[in-house]
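Biologist: Got a minute to go through this model with me? I'd like to start with a helix and work outwards.

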Amino acid sequence: MRDGRDVWHGTAAELTAAAPASAYALVTSDDERARTLAAGRPGVRAARSARGTLTVAVAEPELDGFILALAAQGVAVRRLELLASPLESMFFALNEDRAVAELAPDEVADRVLAEAGR
């Protein structure tokens, strides 16, 4: 829970449950097909970043199923790089006016990385 000062009040379990998905850079043998498969899976959001790579926001429980679904469809995962962990995303969410779920996955990663560079 948040109060007017953007301070978290609650247990560690509540914080974990409220944490946004992690953001990953994903390179596959067919990024467009991977993006389409992500669109059909609950809890998985994928978008093409400004850098031309595929960026995926997904919570850890859904990540394994998504990767296995890619493999089942013949899409090889060539690289999966964590860009922003749930803790980093939560920190960003507590310090941002917009909800993390409203941002594209690459926006979350870019803003978390920008915060780290301050």
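**Around helix H2**

Modeller: Sure. In H2, Asp31, Ala34 and Ala38 are the buried residues; buried is under 20% relative accessible area, exposed over 50%, partly exposed in between (1.4 Å probe, protein chains only). Helices (H or I, at least four residues) and strands (E, at least two) are DSSP runs, numbered from the N terminus.

Biologist: How are those buried residues placed around the axis of H2?

Modeller: They cover an arc of only 55°, which puts them on the same side of H2. The arc is that of the directions from the helix axis to the C-beta atoms.

Biologist: And what covers the buried residues of H2?

Modeller: The cover includes strands S1 (22–28), S2 and S3 (54–58), plus helix H3 (60–72).

Biologist: Before I go on, what kind of model is this?

Modeller: This is a predicted model: local features need pLDDT of at least 70, side-chain atom pairs count only at pLDDT 80 or more, and totals for chains, interfaces and linings use all residues. Residues are numbered from 1 along each chain as its sequence is written, and side-chain values use heavy atoms, with hydrogens and water left out.

Biologist: What's the confidence like along the protein chain?

Modeller: The average pLDDT (the predictor's confidence in each residue, from 0 to 100) is 76, and 59% of the residues score at least 70. Among the elements, H2 has the highest mean, 95, and helix H5 (residues 105–116) the lowest, 58. Where pLDDT is low, the predicted coordinates should not be read in detail.

Biologist: OK, charges. How many salt bridges are there?

Modeller: There are 3, taking a salt bridge as a side-chain nitrogen of Lys or Arg within 4 Å of a carboxyl oxygen of Asp or Glu. Aspartate 31 pairs with arginine 48, the closest N and O atoms being 3.6 Å apart. That pair links distant parts of the chain, 17 residues apart: aspartate 31 sits in H2 (residues 31–39) and arginine 48 in S2 (residues 44–48).

Biologist: Is that aspartate 31 buried or exposed?

Modeller: Aspartate 31 is buried, at 17% relative accessible area, while arginine 48 is partly exposed at 38%.

Biologist: Which others, then?

Modeller: Glutamate 32 and arginine 35 meet at 2.5 Å, N to O. Both lie in H2, 3 residues apart, about one turn of the helix. Glutamate 32 is partly exposed at 40%, and so is arginine 35 at 31%. Then there's glutamate 81 with arginine 79, at 2.9 Å, N to O.

Biologist: Switching topic: which residues make up the largest nonpolar core?

Modeller: It has 12 residues: Tyr24, Leu26, Ala34, Ala38, Val44, Leu54, Val56, Val58, Leu63, Phe66, Leu70 and Val75. S1, H2, S3 and H3 each supply at least two of them. A nonpolar core here is a set of buried Ala, Val, Leu, Ile, Met, Phe, Trp, Tyr and Cys residues joined through side-chain atoms within 4.5 Å.

Biologist: What does leucine 54 touch?

Modeller: Leaving out residues up to four places away in sequence, its contacts (heavy atoms within 4.5 Å) include Tyr24, Leu26, Asp31, Ala34 and Arg48.

Biologist: And which strands does S1 pair with?

Modeller: S1 pairs antiparallel with S3 over 5 bridges, and antiparallel with S4 (residues 77–84) over 6 bridges; two strands pair if DSSP finds at least two bridges between them. Alanine 25 stands opposite threonine 55 in S3, and threonine 28 has valine 77 as its bridge partner in S4. In S1, 6 of the 7 residues are buried, so S1 is largely enclosed by the rest of the structure.
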